[in-house]
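Good morning, and thank you for making time for this presentation. I shall go through selected local features of one model, and I ask you to keep the sequence and the coordinates in view.

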Amino acid sequence: MPEMILAVLPLRGVVVFPHMRIHLDVGREKSVMAIEATLASEKKVLLLTQSNRTEEDPRTEDLYDVGTVAEIKQTLYLPGGAVRILVEGLYRANAPRVTADKTYFSAVVTPLPDERTRLEELETLARSARGKFEELGRQSKKISQEQIAAVAGAKDPGRMADLIAAHLDLKTEEKQRVLAASDIAARLEHVTELIMREMEVIEVDRRIGLRVRRQMEKTQKEYYLREQIKSIQKELGEKDERQSEAEEYRARIKEARLSPQAEEQALKEVERLEKMPPASAEGTVSRTYVDWLLSMPWQKITSDRKDIGRCARILDEDHYGLTKIKERMIEFLAVRRLAPVGRSPIICLVGPPGTGKTSLAKSVARALGREFVRVSLGGIRDEAEIRGHRRTYIGALPGRVIQGIRRAGVRNPVFLLDEIDKMQVDFRGDPAAALLEALDPEQNAAFTDHYLEVPFDLSQVIFITTANMADTIPAPLLDRMELIRLGGYTENEKTEIAARHLLPKQLKEHGLSRRKIRFETEAFLTVIREYTREAGVRGLERELAHILRKLAVKVLRKERFIPVVDAGAAREILGAPRYRHDQAASAPEVGVAAGLAYTQTGGEVLFIEVTPLKGEGKLVLTGKLGEVMRESAQAGWTYVRAHAAALGIEPDFYEHVDLHIHVPEGATPKDGPSAGVTMTTAMASALARRAVRSDLAMTGEITLRGKVLPIGGVKEKVLAARRAGIKTVLLPQENEKDLEEIPAEIQQEMEFIWAAHVDDVLAAALLPEISLTAAPWLGDFASFDPAAAEAPFEHGPVL
């Protein structure tokens, strides 16, 4: 057939095959105009299916290329402008170019005749398709006998394939694929494949229906039997197991004095539980949840001791020193006496290990007469550890806060959150953020755990947190807590703690009597000075235990020994001393300065070494230094270069000198700005070849202009200098206010130098004599003036 131009009628969700008669309701304006144009000509129209049936106003690219040329047999105009037509498909046609104007779609139509390939297979394919369709008709109620008879009566294989595709319940895309197949053999194969797929779907549907029917029969049988059991129990006066359990729970809920929200939630859960089979997994989850609600102390509290004097005595009995925290607890009791209803404090104890933070929290609970709960937060990474898991998870439980309250049995315990600075963050959430609600006095009156899903009042809980360093605690969390710093202990304090607390505790644990074994004060001092170097007393307690173990062996062996442990006996048992008491009391050295650092374990003395080398002005830093410490070294290097003449150093020394700065104990990471003055002093000493005082330790941050800025951890650093045998400490001028933290006996022993500028530091630290043996290749600098070296340094120009 030749090409022709026909009007196009877009179809939504319908595919019309050749020789197929169908009624179509046409309502779109363009489609109605296409019908009118067709009726005015040869009554032939091209039926093209839309690829997207939801498109109300299709474009040319929304229409498939292959359609059916049909003849309009009847026309009926409906109310509202719609038209109902009866069309009969004539033949397939290809319309690669569809055009659209303001009225309707039109296309150049090329007939698509059937292709008869593989003639020897056509009859076999047709017979197979006919047989499969008849089998499908027997299995499916959607195919009528008339449709089966029509397919059986079709003589032409191509027409039979079209009939089968028209009668099958297929998607529009599948029917369009059959319509586009001009090869009859391929069309029959595809239709057969579609029939077999429908048969598989029917078989799966049949199996599912059979399984559901059996389950329904089983459920109906169980229901019938349960109803009979209920009737029998009613006649016998017995109760149903589920009813009995529900009534027991309701009675417990009534007695438990829950909050209104918790009571409502518990009753709702009991009502759900009553309708569940006894052995169901969901029933176990509901029982566990109700048990948790009932076990929480919603109203139970303990009364605080009102006697302030007695509380003070208990705190003094348990701990020596620690005045600030003791005063804070006494203040809390005094306020509570005057205002019985108020918020409890949230305190964060920050200090080195072994200073008594955890034991102090226990002592506070004993002094107040409250229950004590401890939760360790070290290493926690999951936010659900704090706020609990939702009940949708298998094995879900409340968070550690709610678990701790349940263990305490009251809603106003002393709650210790230990190692709060050791929490971690990963993909499971931020535990520190989850703690914000619990530790916020404005919010914790309605703390909601993910598991309980009802608010719990934490406003009466005294939260005490502990940390070694406050720097690693997130700022929003730190802002909600009252920070109290616990410094390291002096020798006198350690001696008192050992005599009053550690020794009696260890004697009891080792089964020894205090009457038979006595320690002299010199023995404590020997252990403290020569076998421990710490801010706290844990190492001291271990060494005392070591001595007592040796004595316990002698007691069991009935050996004769002197029951008085003095300094000599302590050295004999513990062996060679591990530390020198006067560690830093060696001769002054060029390029070596003693600095003071503050770490998680307390104060430390760091010896910074500087060696000049022939080179080209490079600065080499070793000792595993952090970024901030490296920047402090660079600032010191710049200051020394800018003030070389005042220091007696050749002004252009950096053109032929490299400096190597090393901080010993290279495996230990070090960082912070407080080593600035120490590194500057060591560099100036090495380049000017003037030794640094060996009895002086220093700390402070510097600026490019030479200002010495204040630092933290003054008490810990001063105690570290004293432990190392250093009697003179140089501190920033602005830290003079921190002197009150240092015990009076330490202040009497130590000398303090206050520096506001680097010139003050160098004047106090550098000795005037030049060491000619140190880096002799540096030569004699003409700019060096011995008289100027003995005088105090003048402030240099502002950089």
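Helices, labelled H, are DSSP runs of at least four residues, and they are numbered from the N terminus. Please bear in mind throughout that this is a predicted model.

With that convention in place, let me begin at helix H23. Just after H23, Gly-725 adopts a positive phi of about 85 degrees. The helix itself spans residues 714–723, and 10 of its 10 residues are buried, so H23 is largely enclosed by the rest of the structure. The buried residues of H23 include Val-714, Val-718 and Leu-719, but also Lys-715, Glu-716, Lys-717, Arg-722 and Arg-723.

Continuing along the chain, we come to Thr-728, which belongs to strand E25, residues 728–732. Is Thr-728 buried or exposed? Its relative accessibility is 3%, and because buried means under 20%, Thr-728 counts as buried. Which residues does Thr-728 contact, once its neighbours within four places in sequence are left aside? They are Arg-693, Asp-695, Leu-696, Ala-697, Glu-751 and Ile-753.

Two further positive phi values deserve attention, both in residues other than glycine. The first I shall mention is Arg-689, with phi near 60 degrees. Arg-689 is placed in the loop between helix H22 (676–688) and strand E21 (690–692). At a relative accessible area of 6%, Arg-689 is buried. The other is Glu-453, whose phi is near 65 degrees. Glu-453 also sits in a loop, here between strand E11 (447–448) and strand E12 (455–456). Glu-453 is partly exposed, with a relative accessible area of 39%.

I turn now to the aromatic residues. How many aromatic pairs does a search of the whole structure find? The search finds 7. One of them joins Phe-519 and Phe-524 in a stacked arrangement, at 5.4 Å centre to centre and with 15 degrees between the planes. Both Phe-519 and Phe-524 are buried. Another pair, Phe-653 with Tyr-654, is edge-to-face, at 5.9 Å centre to centre and with 80 degrees between the planes. Within this second pair, Phe-653 is buried at a relative accessible area of 1%, whereas Tyr-654 is partly exposed at 26% relative accessibility. Ring pairs also bring in Trp-637, which forms a cluster with Phe-653 and Tyr-654.

Aromatic rings appear in another setting as well, beneath arginine side chains. The charged end of Arg-391 sits over the ring of Tyr-289, 3.7 Å from the ring centre. Likewise, the charged end of Arg-406 sits over the ring of Trp-292, at 3.9 Å from its centre.

Thr-288 is in helix H9, residues 281–295. Thr-288 is partly exposed, with a relative accessible area of 32%. Along the chain, Thr-288 and Ala-396 are 108 residues apart, and their C-alpha atoms are separated by 9.8 Å.

A second threonine may be set beside it. Thr-472 occupies the loop between strand E13 (462–467) and helix H16 (475–479). Thr-472 is partly exposed, at a relative accessible area of 47%. From Thr-472 to Ala-682 there are 210 residues in sequence and 31 Å in space, C-alpha to C-alpha.

My final topic is a pocket. Rolling a probe the size of a water molecule over the atoms shows where empty space is left. The second largest pocket holds about 630 Å³ of space. It is lined by 25 residues, and those closest to its centre are His-319, Gly-356, Ser-359, Leu-502 and Val-537. Which helices each supply at least two residues of the lining? They are H12 (357–368), H17 (491–509) and H19 (538–556). The largest share, 5 residues, comes from H12. By class, the lining of the second largest pocket comprises 6 nonpolar, 10 polar and 9 charged residues.

To close, I would return you to two places in the model. One is H23, where 10 of the 10 residues are buried. The other is the second largest pocket, to whose lining H12 gives the largest share. Thank you for your attention.

Terms used: Residues are numbered from 1 along each chain as its sequence is written. This is a predicted model: local features need pLDDT of at least 70, side-chain atom pairs count only at pLDDT 80 or more; totals for chains, interfaces and linings use all residues. Side-chain values use heavy atoms; hydrogens and water are left out. Buried means under 20% relative accessible area, exposed over 50%, partly exposed in between (1.4 Å probe, protein chains only). Contact means heavy atoms within 4.5 Å. On a 1 Å grid over the protein atoms alone, a cavity is a set of points where a 1.4 Å probe fits but cannot get out, and a pocket is an open set with protein on both sides within 12 Å along at least five of seven lines; lining residues have an atom within 4 Å of a point. Grid points are joined across faces, edges and corners, and a volume is the space filled by probe spheres set on the points. Ala, Val, Leu, Ile, Met, Phe, Trp, Tyr, Cys and Pro count as nonpolar, Asp, Glu, Lys and Arg as charged, and the others, Gly among them, as polar. Rings of Phe, Tyr and Trp (its six-membered ring) pair if their centres lie within 6.5 Å; planes under 30 degrees apart count as stacked, over 60 as edge-to-face and the rest as tilted. A charge sits over a ring if NZ of Lys or CZ of Arg is within 6 Å of the ring centre and within 35 degrees of the ring normal.
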